[in-house]
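Here is a short set of exercises to work through with the model in view. Try each task yourself before reading its solution.

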Amino acid sequence: MKISLILLCFFLGLPCYSSAQQTSPPQYRILGKLEDADKNPVLFANVALYSVKDSSLVGGAVSDENGKFIIPCQVGSYFLKITYLALDDKIVAGVKITTKDLNLGVITMAADARVLNEVVVTGQKSQLELQLDKRVFNVGKDMSNIGSNASDILNNMPSVTVDVDGNVALRGSQNVRILIDGKQSGMVGMNPAEALKQIPGDLIESIEIITNPSSRYDAEGEVGILNIVMKKNIQYGVNGSFTATGGYPSNFAGSFNLNYRTKKVNLSANYGHLYRDSPGRGTSRQQYTSADTSFVYEQNNTRSRSGYSNTFGLGMDYFLNQYSTLTATLSYRKSRNKNNTLLEYRDFDLNSNPTRTVLRSEIEKEPRANTEAALNYNKTFKTKGQSLSFVGKYIVSAETEASLFNQSTDGETQQLKQRSFNTEDEKNFLFQLDYIHPYSKTGKVEVGLKSSLRLLDNDFSVHQQNEELNWIILPQFDNRFGYDEKIHAGYLMASDQFGKFFVQAGLRGEYSNILSELKKTNVSNHRKYFNLFPSVHLSYKLQDKQTIQLSYSYRLSRPGFRSLLPFSNFSDPRVFRAGNPLLNPEYTHSFEAGHLINMEKGSLLSSLYYRHRLGVVENITAVDSVGFTTITPINLSTGDSYGLEFNLSYDPFMWWKWTASANFFRAINEGFYQDRKLKSDTYTWTSRASSRVTLFKNIDFQSSLNYRAPRKTTQGKELSQYSIDLGLSRDIMKGKGTVTASVRDLFNSRKRRSITQAAGYYSRSEFQWRARQFRVTFSYRLNGSKAKERNNDDAESGEDS
């Protein structure tokens, strides 16, 4: 019955709408050819078709090997937006279709003063853009993302999973680097799992998934990089957007994004407010048997995680001349969470008779503040493709976690009272210089330098009330942890194109100087090491609309701050998660091969990958004789992962759009711990499919299915997980406004279920961090008509901005 409900929900609106489409309006074509300033055809550029009436995307195409494109459309008034790497975006206004095809002839594109340094191999007219070393997902086009936060949006990305604790994984690994606008950011902070929940999704433009980064990127991140691109308008005049969201359980948000653009200055401002109250619950059962002792207990936990965040952003671009731009940005985020937890422990004897019940409650207050300032200078030259950029950034963050615990046992009158404090302060300094020099029409050399300094200070203590009602510090949970990280890097990279063959190769060197110190016990670990990280990317056009890609990179994953911290959360006294100050980095050799097919109505990217990892960090679970569990990360093993991944985008009709992705992989980890061999060999897969139907021209219905198959670990297994999201939107106010209703996790099935097994020990747990969500969102777009006309006129004349 459940399977039937899933299939019915997923395909809602598809067959029932097909009959209404049998009589469709006549189709015409818009034709044209793209050339650069040197009369060379522009290959694989994105040509998007927008309606003049409401600026909605209605179609598009990708230019072929001769620079030509054809877009099917109906009678109406449109404008084109043409985008391509290293060339200025082009707006073609006044595109009117009456009763015949329209040939626009040759369209010339000018050199881009903001070279992006990427090689575009194709584009997709809806949610997905495929590029040489990354996939770009325009998240605003996915209705299930509207009114959500960054963590929710990442969980909707192909090959990306977010567990109930908010930890992000790519292709099954949590060793992934998360960037904001291509740079490390304080918006992610010391605790990415929590920080991502504080970023309103309405401020996010797109997500870039970079599975095999080139040498221009930091070597950090075993499986690659997730880059969150924030919204920034660039139209002339005043324009922007406003969004308001209400949801159940409590989920209220509001945001705006405003922009004012002139010839010399571009000013931007954004603000987002988010309030949520997320109920969660879970259960677990622990069994332990040894020669001298045994125990059985069950745990029920109920949680409510509530809080608010305010995010502010200001930016200014000053165009010194047609070649130079100075950009200053300032962002500030303040949040305050309040978390209530109730744990119930039920102890049993070997005959399953209850022996004791313990109740433990926690009230936690968690204020955070983050400030980030950046100054960028970008310069282009008369030589096409030559550019110089510099960025300096300063980030300061402060966070406090203060908890009060009350614990009572049935049959006992005295209560146990405890409290814990955890203050975390962080400062970051970053300087980066990049230069691109073309040596031929298709070849270029890139060089860059980067230095970053990260200073963290963490003060942790646990207090317990004695019989005289005085607070006494527990010495085993009292220390101060300092972490100083200095990383200096440089890279050299070259690329060129030889007919249908493109090659890019680079080498990055990184010197790491890292000191971690427990200041109250005078225990320190000072590591200095230098590594070289090569990368190679190859692309070959087999035939019209087919391309193969090959890539290799060598990367590392430094242990995160919380993985080094020897004390963490004291919420559950029977399950203690402790860090390991002696953790070393993981190193990864990553290979990937891809095959891209561009079809008339979509595209298919197939990828085969292999990763070999050294010094793999595994969480080891140990249980003592009284039933207390300790989970500690160690450099346990070597690991090998083999995978096959598919990304499909298919539009069978103009009113019906499909996207689907699947990642099938095998992961093998093997190592030794306390003279015992630990090994896992698992075959598993993740998938996501989405269907979007346009009803009556201004109503969109979307359904999506996410599934994660079970997988083995070195000490047990994680069970399967699935969820369904639905969304319905309608344009109002002559296309300037949109109302969206959505539900996330329709069947309330997004739960983490896991089993842990060791000698004489068995544990099974189930936990749901957030229950099913209902949301209604209203969005309003502010665009002055004069601003549009000005932007279109300048685009036609080819002026530099």
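**Exercise 1. Find the salt bridge that D681 forms, and say where its two residues lie.**

Solution. Start at D681 in this predicted model. D681 forms a salt bridge with R666, and their closest N and O atoms are 2.7 Å apart. A salt bridge here is a side-chain nitrogen of Lys or Arg within 4 Å of a carboxyl oxygen of Asp or Glu. Next, place the residues: D681 belongs to strand β33 and R666 to strand β32 (residues 656-673), so that the pair links distant parts of the chain, 15 residues apart. Helices (H or I, at least four residues) and strands (E, at least two) are DSSP runs, numbered from the N terminus. Finally, look at accessibility, where buried means under 20% relative accessible area, exposed over 50%, and partly exposed in between (1.4 Å probe, protein chains only). D681 is partly exposed, with a relative accessible area of 26%, and R666 is also partly exposed, at 26%.

A note on reading the model: residues are numbered from 1 along each chain as its sequence is written, and side-chain values use heavy atoms, leaving out hydrogens and water. Because the model is predicted, local features need pLDDT of at least 70 and side-chain atom pairs count only at pLDDT 80 or more, while totals for chains, interfaces and linings use all residues.

**Exercise 2. Which side chain makes a polar contact with the side chain of S691?**

Solution. First locate S691 in strand β33, which covers residues 676-695. S691 has 1% relative accessibility and therefore counts as buried. Its side-chain partner is W656, at 3.0 Å. A polar contact is a pair of N or O atoms within 3.5 Å; within protein, one must be able to donate a hydrogen and the other to accept it, and residues adjacent in sequence count only if both atoms are side-chain atoms.

**Exercise 3. Which parts of the chain does the pair of R558 and E510 tie together?**

Solution. Begin with the contact: the side chains of R558 and E510 meet in a salt bridge of 2.9 Å, N to O. R558 sits in the loop between β27 (546-557) and α5 (561-564), while E510 sits in strand β25 (residues 501-518), so the pair ties together parts that are 48 residues apart in sequence. Now check burial: R558 is buried at a relative accessible area of 11%, and E510 is buried at 2%. Then widen the view, since a network of salt bridges links D218, E220, K450, R508, E510 and R558. The structure holds 30 salt bridges.

For another example, turn to R613 and E586, whose side chains meet in a salt bridge of 2.9 Å, N to O. R613 is in strand β30 (residues 602-623) and E586 in strand β29 (residues 586-599), 27 residues apart. Both R613 and E586 are buried.

**Exercise 4. Follow the chain from β19 through β20 to β21, and find the bridge partners of V358.**

Solution. Take β19 (residues 324-348) and β20 (residues 354-380): they run antiparallel and are joined by 25 bridges. Two strands pair if DSSP finds at least two bridges between them. Within this pairing, Y345 stands opposite V358. The two strands form a hairpin with five residues between them, and S352 in the turn has a positive phi of about 65°.

Continue to β21 (residues 387-409), which pairs with β20 in the antiparallel sense over 21 bridges. Here the bridge partner of V358 is T409. β20 and β21 form a hairpin with six residues between them, and G385 in the turn has a positive phi of about 90°.

**Exercise 5. How many residues of strand β38 are buried?**

Solution. Strand β38 spans residues 737-744, and six of its eight residues are buried, so the strand is largely enclosed by the rest of the structure. Its antiparallel partner β37 (residues 721-732) pairs with β38 over seven bridges. One of the bridges matches G727 with S742. The hairpin of β37 and β38 has four residues between the strands, with M733 in the turn at a positive phi of about 55°.

**Exercise 6. How many helices and strands are there in the protein?**

Solution. Counting gives six helices and 41 strands. Of the 801 residues of the protein, 53% count as buried.
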